[in-house]
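Okay, thanks for coming, everyone. I've got one structure to walk through today, so let me put it up on the screen.

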Amino acid sequence: TAQINKSAEIIQRDIRLKTKGQMDIDGSRLEKLKKSTKIAKKKAGYTHPNAPLQATGEMTGQFGKKGVRIKEATKRNQVAIIDGTHVPYGIYHQLGDESKNLPVRKWFGISKDAEQRIIITMARKINSLLK
């Protein structure tokens, strides 16, 4: 159970750091905001009007927001859930929305970096148990 929850934390942290770093889950730079979007965000008083996916803090965990949440695994339910459903507009960024001229910005998922960190963490735990 502890290792499952540790893995979920690695994914959660990776999503937050990549989004804050303006990168998608594949490690590519997020498409820049249009000039009109930057102007609108600045007018609305957002802290980071030039940065994609950082207006409210709901995706990154900035500004006192929780960001992506985890429902931890328990002994009875060996599944940890990484939850971004409280960010209803997140799906539009994840998939893009042609009708709103919104590009794809894949902010949610398991990156290769997170996957590698999980494998290393699991290997260390297994090795420590075998000693």
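**Charges between two helices**

So, Arg117 is partly exposed, with a relative accessible area of 38%. Keep in mind this is a predicted model. Which residue does the Arg117 side chain meet in a salt bridge? That's Asp14, at 2.8 Å, N to O. Arg117 sits in helix 4, residues 112-130, while Asp14 is in helix 1, so this pair ties together parts that are 103 residues apart in sequence. And Asp14, unlike its partly exposed partner, is buried, with a relative accessible area of 4%.

Asp14 has another partner, though: its side chain also forms a salt bridge with Lys18, 3.0 Å from N to O. Those two are four residues apart in helix 1, which means about one helical turn separates them. Lys18 counts as buried because its relative accessibility is 10%, and buried here means under 20%.

Now follow Lys18 across. Its side chain meets Asp113 in a salt bridge at 2.7 Å, N to O. Again that links distant parts of the chain, with Lys18 in helix 1 and Asp113 in helix 4, 95 residues apart. Asp113 comes out partly exposed, at 39% relative accessibility. Put it together and you have Asp14, Lys18, Asp113 and Arg117 linked in a network of salt bridges. A search of the whole structure finds four salt bridges.

Let me zoom out. The chain has four helices and two strands, in the order α-α-β-β-α-α. The C-alpha trace spans about 60 × 25 × 25 Å along its principal axes. Of the 131 residues, 33% are buried. If you take contacts between residues at least 6 apart in sequence, 52% of them join residues at least 24 apart. On charge, there are 27 positive and 12 negative, and their mean positions are 6 Å apart.

Two more spots before I stop. Leu33 lies in the loop between helix 1 (2-20) and helix 2 (35-44). Is Leu33 buried or exposed? Buried, at 12% relative accessibility. Beyond its neighbours within four places in sequence, Leu33 contacts several residues, including Lys38, Pro49, Pro52 and Arg105.

The other spot is on the surface: Ile91, Tyr92 and Leu95 make a nonpolar patch of about 310 Å². Ile91 belongs to helix 3, residues 90-95, and counts as partly exposed at 46% relative accessibility. For the chain overall, about 8700 Å² is exposed, and carbon and sulfur atoms supply 54% of that.

Definitions and conventions. Residues are numbered from 1 along each chain as its sequence is written. This is a predicted model: local features need pLDDT of at least 70, side-chain atom pairs count only at pLDDT 80 or more; totals for chains, interfaces and linings use all residues. Side-chain values use heavy atoms; hydrogens and water are left out. Patches are made of residues with over 30% relative accessible area and no salt bridge: like charges are joined within 9 Å, nonpolar side chains (Val, Leu, Ile, Met, Phe, Trp, Tyr) within 5 Å. Accessible areas come from the Shrake-Rupley method with a 1.4 Å probe; for residues, only the protein chains shown count as cover. Buried means under 20% relative accessible area, exposed over 50%, partly exposed in between (1.4 Å probe, protein chains only). Contact means heavy atoms within 4.5 Å. Lys and Arg count as positive and Asp and Glu as negative; His and the chain ends are not counted. The place of a charge is taken as NZ of Lys, CZ of Arg, CG of Asp or CD of Glu.
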